[in-house]
Amino acid sequence: MQRIGVFVCHCGSNIAATVDVKKVAEMALMEPGVVHAEDYQYMCSEAGQAKIAAAIAEKNLSGIVVCSCSPRMHETTFRNCAERAGINPYMVEIANIREHCSWIHKDIEEATKKAVILMRAAVAKVNLNAPLKPGESRVTKRALVIGGGIAGIQTALDIADAGYEVDIVEKTPSIGGRMSQLDKTFPTLDCSACILTPKMVEAAAHDKIKIYTYSEVEKVTGFVGDFTVDIRKKARSVDMDKCTGCGVCSSKCPSKKTPSEFNRGLDTRPAIYTPFAQAIPNVPVIDRDACIKFKTGKCGVCSKVCAAGAIDYEQQDEIISEKYGAIVVATGFDVIKLDKYDEYAYSQSKDVITSLELERIMNAAGPTKGHLERLSDGKAPKHIVFVQCVGSRCSDNRGKSYCSKICCMYTAKHAMLIRDKYPDVKVSVFYIDVRTPGKNFDEFYRRAVEEYGVNYIKGQVGKVCPEPDGSLTVYGSDLLDNKQLRLSADMVVLAAAIEPSESVRQIATMLTASIDTNNFLTEAHPKLRPVESPTAGVFLSGVCQGPKDIPETVAQAGAAAVKAIGLLAKDKLLTNPCTAKPDELMCNGCSQCANVCPYGAITYETKMVMGPGVREERYVAVVNKALCQGCGACTVTCPSGAMDLQGFSNRQIIAEVDAICR
């Protein structure tokens, strides 16, 4: 029988206001194996931990139960405390009487009763606990960054500057991401390319950074410190070593009818193209779906005009396998599709555009060379209406329930730039709320209203109707004046919601990372571990984790880099000892556990099995403890009951259930 100590935390008033903590401590003394019980206001504090250590020494405790908050918050704290006091850290159990009890109950009697039950279950488990010892695994001192936008670039630069090798994998032909499509940035209105391009050049020139563009992550195996990643390097049909970036091939290409992805489909590009002037690498790629040579075999103009002989029609996709110690996800975002918002006439009129399309129109390298004009007839607009929150903060299933965070600011930016360059153009903004939570953000918005005369209208647009003369009639409401409005506009700009890149679900599946209902990657803890994924060794950078602006993205990129560096700086890692353990005498070799293991930790081998009355070769399960994450999927799948989980064995779980049902 164990000698168990039970320590009940008040957590200030978080627990004590709803749970009679002294009664919980008194009831603990009645449980089998419990030789000591006490309560304290803040058990996680230095004084609280000192009480635990003193009790361990004085009462010769072999295990402890801490009735406090979630183990996600302080399990490591109390395990370290126990280890310093001479107890194996895996002889510590947390009874979560805060999140599971006090926070969800109002009646003290009911909450106390439940807290006692949770304490009993934890004590029952400790009575069956056994000391566990973590193993060790090596660390590959190399990092992978998935995504080559500003988040990925900044993360890679920070890791590389610390002396570690970094690979950037970007699915498009150039790094730069969404920021490369912007004209100006808020709240300083400085040139986006002027900020981004030096970062791109620095990443390309860094001796510790290798960039894989036009490439995608194909497969991820392994575990923290030792990931194996297969990268599909798609065929550019252009030899990157030979190409000089002269651009003759693109200018001579006869197939020029493909919508330009970089310009959001507002103009067309040739079949062999470089996304934008500052692209890195400055090497074109052939779009085989649009190329006449690949479709009919009859063109080949680009090959004929290429003086460097860089065109290679026979080039094939290449699979590159590399090992990494840490992976940073920086997959970025895209604008939602507006096919469900036909009331705004986006699909009916060329003059109804998104804010990102307006960025390209206002950019000197954009489809109109920076001139503000209607796409339908090329005329200069006299009145532009901006519509906020299109798809953001939606109560129906068409859009997103969250605020996209950046829309209020970039709309103010667009309005100011238009009024500054074209003072005769009238600008109206329909908004629900103006949200400007950032340094100098509210001042920026006030400038748009007070200095540039932008007309902000608190209300929503119900419908946009294209008229026969080419104008647009906007029907909306003014909630402050309590009236309905009918405005005639030349252009309507929709501040569409942003969402994670469409590839994020596939990436999350490969990394066994968690995503929320909106497909944003979930952090390990929103406050204490905001850039770490629940999957060890996987870190989050940028908008893949949630909506944010460029300064916030760069800050998070640096934070993710620091976490990755902290991992790469270690030579060895301690592995979780709470792993699956097969009973070879009971295993029948059915392979069902291997089929359900999400980490690929279970294989099968032919081994000599010896036991009471058994001495024979069998095909049995073998668990790689470095790969196993202790999820328990195999234990519930095993039809013969041969698979068990150390630290959470079937006996321990049943004992907890029995204690709860007493």
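Two strands count as paired if DSSP finds at least two bridges between them. Helices (H or I, at least four residues) and strands (E, at least two) are themselves DSSP runs, numbered from the N terminus. Everything below comes from a predicted model, in which local features need pLDDT of at least 70 and side-chain atom pairs count only at pLDDT 80 or more, while totals for chains, interfaces and linings use all residues. Residues are numbered from 1 along each chain as its sequence is written, and side-chain values use heavy atoms, with hydrogens and water left out.

**View 1. Three strands make an open sheet, in the order β24-β25-β26.** The pairing here is antiparallel. At the edges sit β24 (461-466) and β26 (483-489), each pairing on one side only. Neighbouring strands are turned by 20° against each other on average, direction ignored; the axes behind that angle are lines fitted to C-alpha atoms, for helices over the stretch in contact, and angles run from 0 to 180 degrees between N-to-C directions. Zoom in on β24 and β25 (residues 472-478) and you'll find 5 bridges, with Lys463 partnered by Tyr475. Between β25 and β26 there are 7 bridges, and Gly476 stands opposite Leu485. The hairpin of β25 and β26 has 4 residues between the strands, and Asn482 takes a positive phi near 55° there.

**View 2. Strand β12 pairs with β11 and with β17.** Strands β11 (residues 215-223) and β12 (residues 226-233) run antiparallel and share 8 bridges; Gly222 has Phe227 as its bridge partner. Just 2 residues lie between these strands in their hairpin, where Gly225 has a positive phi near 90°. β12 also pairs with β17 (residues 318-324), again in the antiparallel sense, over 7 bridges. Look for Arg232 opposite Ile319 in that pairing.

**View 3. Helix α3 (residues 71-84) keeps its buried residues on the same side.** Its 14 residues should span 20 Å at 1.5 Å a residue, and the end C-alpha atoms are 19 Å apart, which agrees. (The expected span is 1.5 Å times one less than the number of residues.) Phe78, Arg79, Cys81 and Ala82 are buried, where buried means under 20% relative accessible area, exposed over 50%, and partly exposed in between (1.4 Å probe, protein chains only). These four cover an arc of only 160° around the axis, so they share a side of α3; the arc is that of the directions from the helix axis to the C-beta atoms. Turned away from that side are the exposed Thr76 and Arg84. The cover over the buried residues includes α2 (46-59), β3 (63-68) and β4 (92-96).

**View 4. Helix α17 (residues 650-661) packs its buried residues against α4 (108-126).** α17 has 12 residues and reaches 16 Å from its first C-alpha to its last. Its buried residues are Gln652, Ala655, Glu656 and Ala659. They fall within an arc of 100° seen down the axis, so they line one face of the helix.

**View 5. The largest nonpolar core has 61 residues.** Such a core is a set of buried Ala, Val, Leu, Ile, Met, Phe, Trp, Tyr and Cys residues joined through side-chain atoms within 4.5 Å. Ile159, Val464, Val474 and Val492 have the most contacts inside this core. Helix α5 (residues 150-161) gives the largest share, 7 residues. Val464 touches residues including Tyr344, Val352, Leu472 and Val492, not counting residues up to four places away in sequence; contact means heavy atoms within 4.5 Å. A second, separate core of 40 residues includes Val34, Ile56, Phe78 and Ile87.
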